[in-house]
Amino acid sequence: MEARISFLTRRRSGTTVSRDHDVVCEVLRFGRSTENEVQLPDPRVPLYHGSLHLRGGGLFFEGANQANTLIDGKLTRTAHVDVGARMELGPYEVIVIAPAPEKDVTVTVELVRPLAEGIDRLKARSCTTLADAGLGKRRAAWAFTIVILALFLAWPVAYHLWSPSMAPEDMTPMRAAEMQEAAWWPLMPTLAWNSGEISGPHRFIAHSCATCHQQAFTMVEDRACVACHTDIRLHADPAKTSFAEVLQVRCESCHKEHVGPRPIARSDQNFCGGCHGRLAEASGNGALLNATDFSKNHPQFRPSVVVDGATGKRERVALDRNRWPVEHSNLTFPHDRHLKADGLRVPGQDARKVLECRDCHRPEPGGVGMTKITMEQHCSSCHRLQFEPLAPQRVVPHAQPAVVARALVEFYADMALRGGAEFPEAPPSVRRRPGSPLSEPARHEALAWAEEKAASTADFVFSKGVCNGCHEVSRAETGGGSPWQVKKVTIADRWMPKGLFHHRHHETLACTTCHQAPTSQSAKDVLLPGIEVCRACHGGEKAANRVPTTCIVCHMFHQPHLGPMRPEFAKAP
């Protein structure tokens, strides 16, 4: 039904103010609770007093079981009410009046008997406070303060001052197990100061707090860290940096302990960007560039390429598309010829073999880099180093020119002294029947031929497709030894020596995704991808559609080639 409730308020002047409230409900309930359609906020009214029902026979009032209602002066619980009926619900008078337009029921509600003025004093006398019961706030506060100071300050301080501590070198596994077993609250009051679970690497000294906290009420000093971590190195060269805070930064600033199994080293990029965001301005010479976010503010990669293979000298060169760096390793190796789609001819095999990158480039056991490529393991199956058609199984050693020349002389000298060599241009002493006697003049003649044959074969080996197929070879007339010279080969095993890159983490990608080897026609090509290739998958710390990558993912803070982090705290030898 649709009902309108008019709340009447009489002013001192005698006028009446009405406040109307319309509701749609099944029944119109009266009571002190807010769940009622007509709330009567007076302590003398029950939570639920009664309700009006609209039925076929008219309007009916039904009171609660323990609530008595005066209707037109008669005490009743249930009654039929008509327009003009007066109902007394506690101190309120409810009158049923003629329904308003489009309404089924209209009633007026008026508080006719307000509470007496002394009700507040009555309520105050009927309440018992904590102070009346001897449990005032001040006394309780002092009592709890004393308990907290005793349990969490006095007791731990006394335990720290009078309990023995053990140094890390004295902390044996058995002793650590004993301390772990005894680490329960009544015996270890200092646990009240423990801010969290200790990390896994430091768990063996978890209950020897004095190992790190050597002075009470003092932050952990670097001397405590360096006492165990003796091989920790600097981050920057003191002679080349103007950031004193990097050299004097405390270990605890980067390594936060008591964080449980999580890594204790900071990994947020803001920690690195605080200094690396202003390196260019601080250096002033352009050698150092700013970097704060991998996807938004990071310079192009600058690999360390070999500029002189003979001396092994390297220089850092940026990967500029307009002037891509080249590497002078003294090796001539065309990748495109070895990665042909139709394959290569392999000696002793009828079918052609299609080479792949993994045939030569194999990950090292740790998966970080690649194992070293050697002639004997990776190249000799195709490049046999054959030199004599009459002895196709014989090959020259992959060694220095003098060793190769000596091996050729020994081979032809052995053939000449044995006899039976099928060389038309050879003297009779070399072509004689094997095993026949050899005079001293004939022996000298045979050895002289062997020297000449070895020299001519050396010219073929070094200059016509055996050695110079991969090496840069030159000839220089010298007073003795082999005239051939092979330039020393120096190959960069890591183009980014200060970066961290794990091939194992990228094994799901094809090698050609990053390295454009099939189109490389020279060994001088630096087949390193630019930063834009890495940015296709990796973003900054807050990247949403790429792999979030912070500075510490690719860079180390402590540089192994620099001096100790805190030499003043290092132990004397």
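In which sense do strand β3 (residues 28–31) and strand β5 (residues 50–55) pair, and over how many bridges? These two strands pair in the antiparallel sense, over 3 bridges, where two strands count as paired if DSSP finds at least two bridges between them.

The model is predicted, with local features needing pLDDT of at least 70 and side-chain atom pairs counting only at pLDDT 80 or more, while totals for chains, interfaces and linings use all residues. Residues are numbered from 1 along each chain as its sequence is written, and side-chain values use heavy atoms, with hydrogens and water left out. Helices (H or I, at least four residues) and strands (E, at least two) are DSSP runs numbered from the N terminus.

**The sheet of 5 strands**

- This open sheet has the strand order β4-β3-β5-β6-β9, and its pairing is mixed.
- At its edges stand β4 (38–39) and β9 (78–81), each with a single partner strand, so one side of each is left without a neighbour in the sheet.
- β3 pairs with β4 in the parallel sense over 2 bridges, and Gly 31 stands opposite Gln 39 in β4.
- On the pairing of β3 with β5, the bridge partner of Arg 29 is Ser 51 in β5.
- β5 is joined by 6 bridges to strand β6 (residues 58–63), the two running antiparallel, and they form a hairpin with 2 residues between them; Leu 52 has Phe 61 of β6 as its bridge partner.

**The sheet of 7 strands**

- A second open sheet, also with mixed pairing, follows the order β2-β1-β12-β11-β10-β7-β8 and has 7 strands.
- Its edge strands are β2 (16–24) and β8 (74–76), each of which pairs on one side only.
- Strand β1 (residues 2–10) runs antiparallel to β2 and is joined to it by 9 bridges, with Glu 2 having Val 24 in β2 as its bridge partner.

**Helix α13 and its packing**

- Helix α13 (residues 440–463) has 24 residues and reaches 35 Å from its first C-alpha to its last, close to the 34 Å expected at 1.5 Å a residue, the expected span being 1.5 Å times one less than the number of residues.
- Among the buried residues of α13 are Ala 442, Trp 449, Lys 453 and Phe 462, where buried means under 20% relative accessible area, exposed over 50% and partly exposed in between (1.4 Å probe, protein chains only).
- The elements that cover these buried residues include α11 (401–418), α12 (428–431), β15 (473–475) and β16 (484–486).
- α11 and α13 pack at an angle of about 140° with their axes 8 Å apart, the axes being lines fitted to C-alpha atoms, for helices over the stretch in contact, and the angles running from 0 to 180 degrees between N-to-C directions.
- The contact (heavy atoms within 4.5 Å) includes Val 404 and Tyr 412 of α11 as well as Trp 449 and Ala 450 of α13.
- Just after α13, Gly 465 takes a positive phi of about 100°.

**Positive phi in residues other than glycine**

- Most residues other than glycine have a negative phi.
- Glu 102 nevertheless has a positive phi of about 65°; Glu 102 lies in the loop between β11 (92–97) and β12 (105–111) and, at 74% relative accessibility, counts as exposed.
- Leu 385 likewise has a positive phi, near 60°; Leu 385 is placed in the loop between α10 (375–379) and α11 and counts as buried at 15% relative accessibility.
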